[in-house]
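These are my notebook entries on the interior of one structure. I set out to look up its enclosed space, its open space, its nonpolar packing and its cysteines.

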Amino acid sequence: MMIRILPIWATTIMFWCVDAQMITLSVQQAASMDRSIGKFQVPPASFNVFFIGGIMITLALYDSLIMKRSGESKGLTNLQKIGVGLAISIIAMAAAAGMEQKRLKVIRSYKKTPTTTLPLTAFVLVPQFAIVGIAEAFIYSGSLAFFIGQAPKGMKAISNSLFLTTMAFGCFVTTILVNLIKKITPGKDGIPWLASKINGSRLDYFYAVISVLGLINFGVYLVCAKRYKPNSSHGSAKDSDDVNASHDEERAGDAEIS
């Protein structure tokens, strides 16, 4: 039954909230900072190349260092990959919060909120882009393979669509969270954590909230993964070979994140 994988599906949505920050707020951070390499100005959106680079390098290293040396074990199970990705995404948001505090410290050195480029290199944001990329490498490969490998026979296409909906729901949840933060966080000065101008915002608080929510979500995921019973009644051996997914039916129970 498809309903068996819904708890795992629901707990992966939080990651895509983290992912959404890389193409929105983190790009705005980069836009407010010094992006020069000599006389060349790096476009803010181009910092996502470090995000993509994190994905590519992680997959290459995983394939060469883990898959080829693990023999028949085939490396991490899909549930373990998802768990690793969720854990790394928490670290990414914590790192982003810390880096934003460093950016805000530079802003406070001004008597007024600066409207010009800050004298702080935007390349200090590279770690948060790269770490989220590393997390996505595990989440994407683990989730897609898990949903396809564990879906009932004849419902593989639906499970693929189910995986893609986690990205969409992640964006929806992010929008709801942003609107909620704007509504409930205005202080005595009337300025919310997410103000119209990024230099007047408290992105460090926002990132910290996402990190805490991610930690709670990770705890829920561990419970769901522990209780999950791998599908073994739909002849998925062939499907597992096709997508390299179910890892021998999640290694006959070894998938329960131990």
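How much space lies in the largest cavity? I was working on a predicted model, and I read off about 50 Å³ for the largest cavity.

**Entry 1, the cavity.** I searched for cavities of 30 Å³ or more and found one. I then listed the lining of the largest cavity: Met14, Phe15, Val18, Leu86, Ser89, Ile90, Ile210, Ser211, Gly214 and Asn217. I assigned these residues to elements and noted that H1, H4 and H7 each supply at least two of them. H7 gives the most, with four residues. By class, I recorded six nonpolar, four polar and no charged residues in this lining.

**Entry 2, the pocket.** I turned next to open space. The largest pocket has a volume of about 240 Å³. I recorded 16 lining residues, with Gln21, Thr24, Leu25, Gln28 and Val178 nearest the centre of the pocket. Helix H1 (6-22), helix H2 (25-31) and helix H6 (156-184) are the elements that give two or more residues to this lining. I noted H6 as the one that gives the most, with five residues. The lining of the largest pocket has nine nonpolar, six polar and one charged residues.

**Entry 3, the nonpolar core.** I looked up the largest nonpolar core and found 61 residues in it. Leu79, Ile82, Phe146, Phe206 and Tyr207 have the most contacts inside this core. I traced its members to H1, H2, helix H3 (48-67), helix H4 (78-108), strand S4 (118-121), helix H5 (126-150), H6 and helix H7 (203-227), each of which supplies at least two residues. The largest share, 13 residues, comes from H4.

I then followed Phe206. Leaving aside neighbours within four places in sequence, I found Phe206 in contact with Gln21, Leu25, Leu177, Val178, Ile181, Trp193 and Leu194. Of these contacts, I had already met Gln21, Leu25 and Val178 among the residues nearest the centre of the largest pocket.

**Entry 4, the cysteines.** How many disulfides does a search of the whole structure find? I found zero. I checked Cys171, which is in no disulfide, and noted that the nearest cysteine sulfur, that of Cys17, is 8.1 Å away. A disulfide needs two cysteine sulfur atoms within 2.5 Å, so I did not count this pair. I also looked up the exposure of Cys171 and recorded a relative accessible area of 43%, which makes this residue partly exposed.

Methods: Residues numbered from 1 in each chain as written. Predicted model: local features only at pLDDT ≥ 70, side-chain atom pairs only at ≥ 80, totals over all residues. Heavy atoms only, no water. 1 Å grid on protein atoms, 1.4 Å probe; cavity = no way out; pocket = protein on both sides within 12 Å on 5 of 7 lines; lining within 4 Å. Points joined across faces, edges and corners; volume = space filled by probe spheres on them. Nonpolar A, V, L, I, M, F, W, Y, C, P; charged D, E, K, R; others polar. Core = buried A, V, L, I, M, F, W, Y, C linked by side-chain atoms within 4.5 Å. Buried < 20%, exposed > 50% of the residue type's maximum accessible area, 1.4 Å probe, protein only. Contact = heavy atoms within 4.5 Å.
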